[in-house]
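Please read the following account alongside the sequence and the coordinates, moving from one site to the next in the order in which they are taken up.

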Amino acid sequence: MGLIGTLEYISDMMSGSHKFKKKKKQFQTVELKVRMDCDGCELKVKKALSSLSGVKSVEINRKEQKVTVTGYVEANKVLKKAKSTGKKSEIWPYVPYNLVAQPYAAAAYDKKAPPGYVRRVENPTIGTISTFEDPAYVTMFSDDNPNACSIM
């Protein structure tokens, strides 16, 4: 803690305001997918999101249906404001394909995803064989089975 930090701490202690100090919002980028068909839709969304306190910039890519809001904001408040325009809105549901663990779950492919993106999947269905309970298959590759397949 530097001199300024120490002085602020002592000042807070003396004034008693340290108990009621508001948690500061962090500077962040919030990406949304918002359904926009025309210039009017785009303007309506931009105007609504720009009116939020703490917003520093609003960028819209109508081709990808993507809205990027930067500033001292909370994602849930930005999403709520976008929905208040009457447009279908959600947190940006895609991640770049090259950041996805391979093999990628086929169920997560989305034809509406922009080029190079795939739908974000929290619990992919990869590795479901580990939940398969047939002992013949489970012990086939086991170290306890002397006839098990081994790869060196």
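In this predicted model, Lys 44 counts as partly exposed, because its relative accessibility is 45%, and the residue is found in helix 2. Although Lys 44 and Lys 87 are 43 residues apart along the chain, their C-alpha atoms are separated by 9.6 Å.

Lys 87 also leads to a second site, since the backbone oxygen of Lys 87 is reached, at 3.1 Å, by the side chain of Ser 89. Ser 89 is found in strand 4, which comprises residues 89–91, and with a relative accessible area of 8% Ser 89 is buried. Once residues up to four places away in sequence are set aside, Ser 89 touches Lys 33, Val 34, Leu 79, Ala 82 and Lys 83.

Val 34, one of the residues touched by Ser 89, leads on to the nonpolar interior. In soluble globular proteins, nonpolar side chains tend to be buried together. The largest nonpolar core here has 15 residues, and those touching the most other members are Leu 32, Val 34, Leu 49, Val 67, Val 69 and Val 78. At least two residues of this core come from each of strand 1 (27–34), helix 2 (39–50), strand 2 (55–61), strand 3 (66–72) and helix 3 (75–83). Leu 49 can serve as an example: not counting residues up to four places away in sequence, Leu 49 touches Val 55, Val 58, Val 67, Val 69, Val 78, Lys 81 and Ala 82.

Strand 3 also holds Thr 70, which is buried, with a relative accessible area of 15%. The side chain of Thr 70 is joined to that of Ser 57 by a polar contact of 2.5 Å. Leaving aside neighbours within four places in sequence, the residues in contact with Thr 70 are Phe 27, Gln 28, Thr 29, Gly 54, Val 55, Lys 56 and Ser 57.

Phe 27, among the contacts of Thr 70, brings us to the aromatic rings, of which the structure holds 2 pairs. In one pair, the ring centres of Phe 27 and Tyr 72 lie 5.2 Å apart and the ring planes stand at 70°, so the arrangement is edge-to-face. This pair links distant parts of the chain, as Phe 27 belongs to strand 1 and Tyr 72 to strand 3, 45 residues apart. Phe 27 is partly exposed, with a relative accessible area of 49%, and Tyr 72 is likewise partly exposed, at 40% relative accessibility. The rings of Trp 92 and Tyr 94 also form an edge-to-face pair, because their centres are 5.1 Å apart and their planes are at 80°; both Trp 92 and Tyr 94 are buried. Over the face of Trp 92 lies Lys 66, at 4.8 Å from the ring centre.

The cysteines remain to be considered. A disulfide is a covalent bond between the sulfur atoms of two cysteines. The count of disulfides in this structure comes to 0, and for Cys 38, which is in no disulfide, the nearest cysteine sulfur is that of Cys 41, 3.5 Å away. Why does the sulfur of Cys 41 not form a bond with that of Cys 38? The 3.5 Å between these sulfurs is too far for a bond, because a disulfide requires the two sulfur atoms to be within 2.5 Å. Cys 38 is partly exposed, with a relative accessible area of 37%, whereas Cys 41 is buried, with a relative accessible area of 9%.

Terms used:
Residues are numbered from 1 along each chain as its sequence is written. Side-chain values use heavy atoms; hydrogens and water are left out. A nonpolar core is a set of buried Ala, Val, Leu, Ile, Met, Phe, Trp, Tyr and Cys residues joined through side-chain atoms within 4.5 Å. Buried means under 20% relative accessible area, exposed over 50%, partly exposed in between (1.4 Å probe, protein chains only). Helices (H or I, at least four residues) and strands (E, at least two) are DSSP runs, numbered from the N terminus. Contact means heavy atoms within 4.5 Å. Rings of Phe, Tyr and Trp (its six-membered ring) pair if their centres lie within 6.5 Å; planes under 30 degrees apart count as stacked, over 60 as edge-to-face and the rest as tilted. A charge sits over a ring if NZ of Lys or CZ of Arg is within 6 Å of the ring centre and within 35 degrees of the ring normal. A polar contact is a pair of N or O atoms within 3.5 Å; within protein, one must be able to donate a hydrogen and the other to accept it, and residues adjacent in sequence count only if both atoms are side-chain atoms.
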